[in-house]
Amino acid sequence: MDIYGSLANIVGEQYVSNQPEENFLYSRDAGAQIPRRVDYVVLPKTVEEVQQVLMLANETKTPVTPMGGGMSLSALVVPTKGGIVLDMKRMDQIIEVNEANRYALIEAGVSQGALKAYLERHHPRLQHSTPEAPPTVTVVGNALIQGHGHISPRYGINSDMINAMEVVLPTGEVCKIGSASMSPHWFTRGPVPDLAGLFIGWFGTTGVVTKLSIKLYPKPKYREVLAFVTDDVDVIPEAIFEVSQVDLVEDFFLISQGKPDWMNRIFFVIIVAGHSEEELEFKKDAYKNVFSEFQGGKTVAFVEDLHPALRDRFLAVPPLAALAADFKKGGGFEYTGSIIPIDKVPEAWIKGIEIARKYDMVFSYVHQVLGGHSIMFSYNYSFNRADEADAERTRQALEESNKLTLDIDGMIWKGEVSAQRMTMEKMDPNTAGLIKKIKSVLDPNGIMNPGNWEIV
Ligand SMILES: Cc1cc2nc3c(=O)[nH]c(=O)nc-3n(C[C@H](O)[C@H](O)[C@H](O)COP(=O)(O)OP(=O)(O)OC[C@H]3O[C@@H](n4cnc5c(N)ncnc54)[C@H](O)[C@@H]3O)c2cc1C
């Protein structure tokens with residue numbers, strides 16, 4: 001069968017390519033992973049086009065890799081077995097913002113920047129949870145990989161903010177999930193069996209999400225940053241507990257890096273927000289006193305003179321906290337995220353620095369505290385993109401960081417294929433078997449982003 005011709009019939013000749021220059025661009029992402037083969041790039045505009053592409057792929061057993069902004073940095077959108085990259089960026093409609101029920105219904109290609117700008121212009125009292133990623137990344141891609149944004153410490157991770165979805169199954173059926181399955185209001189996931197879980201965290205291996213309703217939250221008028229500093233790694237879990245007990249944060253992260261010297265300490269960054277100046281002042285006071293118990297031992301101190309440049313960086317939405325990309329020439333930036341228990345932070349902290357040193361990297365950390373229940377601990381590495389030896393060192397550092405994550409009973413977040421394998425190998429075999437079973441039911445011909453969530 002003439003796959004290229006059939007794809008051109010579906011989306012139009014302008015929106016399909018099998019040319020080497022386009023395939024080249026889609027055969028790699030911005031991270032350190034080795035490029036892989038792509039055969040076709042397809043940019044659909046409608047759900048019907050997505051449906052037809054999947055039916056064609058299913059019939060011809062052609063692999064399909066859905067792509068949002070392609071910025072997960074783990075080559076999750078680079079096919080492992082060639083085939084089609086389904087780039088969703090033309091499906092970019094913000095269909096509805098429902099103020100009363102506080103959600104935005106969007107198509108899969110809507111970027112973080114586009115939704116943020118739209119809300120600022122038309123619904124200035126509402127906001128969504130924005131990750132610290134480039135503004136071109138998609139809201140849907142981020143929610144599907146269980147990402148986190150600038151209000152996650154308060155409201156939970158971004159996949160928890162999904163109300164309802166429209167999905168095209170690998171066999172071509174269009175399926176609505178949550179309230180969208182029976183109501184024109186895309187306002188809730190329950191109370192019916194929670195089928196959203198069949199598509200969240202699966203890296204596009206079970207279907208293509210075409211529409212999604214994401215929760216919106218009040219946008220306070222005033223925001224302020226408070227910073228605390230310590231050199232005592234062991235105090236971190238207790239300090240996180242105390243901050244979480246006060247329960248008034250909007251954002252809460254830990255930051256540290258090997259250079260410059262003054263950053264080589266442990267900074268706790270707390271963002272508070274309020275609808276009035278009084279509310280803001282009240283919250284600031286509540287946090288300024290939160291570490292009074294530690295003050296006697298001089299282990300955690302309030303930073304009185306936070307540099308205005310840092311204050312502005314942290315207050316930006318999203319906060320521009322990761323500075324590591326500047327360490328080396330060549331512009332490469334990689335990180336492996338991990339979700340770890342809070343009491344394991346001291347061990348992760350010390351061993352993560354050892355890994356960075358071993359691979360000749362300057363260590364760089366930005367860890368977001370997720371509601372006082374877990375922490376997104378990220379090992380960041382900058383590398384020279386033009387230097388293959390440096391890229392290889394980065395891959396080895398990532399691999400070792402992933403092993404460390406599993407050794408300390410954490411979970412690798414948005415892991416590349418090798419990290420997914422490590423995860424599956426450690427997993428209860430019955431759970432791994434259930435994943436396999438679900439995939440084979442939804443995707444009988446194994447066309448969706450094959451290689452991901454597979455045991456070899
Ligand atoms: C400097 C920097 C900072 C970052 N900070 C953060 C942060 O603070 N928080 C955070 O969460 N992330 C962060 N990231 C990681 C990442 O960029 C974001 O999570 C981003 O939002 C992922 O979205 P994307 O559109 O790039 O997804 P993609 O990489 O395009 O896709 C991710 C996965 O979802 C699948 N997928 C995409 N769209 C669909 C669809 N429509 N249907 C089915 N499957 C689909 C893909 O196949 C892939 O497996 C950061 C990245 C960088 C470079």
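**Salt bridges and the α11–α12 contact**

R265 and D231 form a salt bridge in which the closest N and O atoms are 2.9 Å apart. R265 sits in the loop between β13 (251-257) and β14 (266-274), and D231 in the loop between β12 (222-230) and α7 (236-246), so the bridge ties together parts that are 34 residues apart in sequence. The model is predicted. It holds 22 salt bridges, three of which are described here along with one helix contact.

**R265–D231: accessibility**

- R265 is partly exposed, at a relative accessible area of 31%.
- D231 has a relative accessibility of 54% and counts as exposed, because the cut-off for that class is over 50%.

**E166–K176: a bridge between strands**

- E166 pairs with K176 in a salt bridge, with 3.9 Å between the closest N and O atoms.
- This pair links distant parts of the chain: E166 belongs to strand β8 (residues 162-168) and K176 to strand β9 (residues 174-177), 10 residues apart.
- E166 is buried, its relative accessible area being 4%.
- K176 is partly exposed, with a relative accessible area of 36%.

**E400–K358: a bridge between helices**

- A salt bridge joins E400 to K358, and the closest N and O atoms are 3.0 Å apart.
- The two residues link distant parts of the chain, with E400 in helix α12 (residues 388-407) and K358 in helix α11 (residues 345-358), 42 residues apart.
- E400 is partly exposed, at 23% relative accessible area.
- K358 counts as exposed, with a relative accessibility of 55%.

**Network**

- E166, K176 and K211 are joined into one network by salt bridges that share partners.

**Packing of α11 against α12**

- The axes of these helices, α11 and α12, come within 10 Å and cross at roughly 160°.
- α11 is therefore roughly antiparallel to α12, as angles over 145 degrees are classed that way.
- The crossing in which α11 passes α12 is right-handed.
- On the α11 side, the contact consists of A348, K351, G352, I355 and K358; on the α12 side, of A397, E400, S401 and L404.
- By class, the residues of this contact divide into 4 nonpolar, 2 polar and 3 charged.
- Both partners of the E400–K358 salt bridge appear among the residues where α11 meets α12.

Methods. Residues are numbered from 1 along each chain as its sequence is written. This is a predicted model: local features need pLDDT of at least 70, side-chain atom pairs count only at pLDDT 80 or more; totals for chains, interfaces and linings use all residues. Side-chain values use heavy atoms; hydrogens and water are left out. A salt bridge is a side-chain nitrogen of Lys or Arg within 4 Å of a carboxyl oxygen of Asp or Glu. Helices (H or I, at least four residues) and strands (E, at least two) are DSSP runs, numbered from the N terminus. Buried means under 20% relative accessible area, exposed over 50%, partly exposed in between (1.4 Å probe, protein chains only). Axes are lines fitted to C-alpha atoms, for helices over the stretch in contact, and angles run from 0 to 180 degrees between N-to-C directions. Angles under 35 degrees count as roughly parallel, over 145 as roughly antiparallel, 65 to 115 as roughly perpendicular and the rest as oblique. A crossing is left-handed if the near helix is turned anticlockwise from the far one by less than a right angle, and right-handed if clockwise. Contact means heavy atoms within 4.5 Å. Ala, Val, Leu, Ile, Met, Phe, Trp, Tyr, Cys and Pro count as nonpolar, Asp, Glu, Lys and Arg as charged, and the others, Gly among them, as polar.
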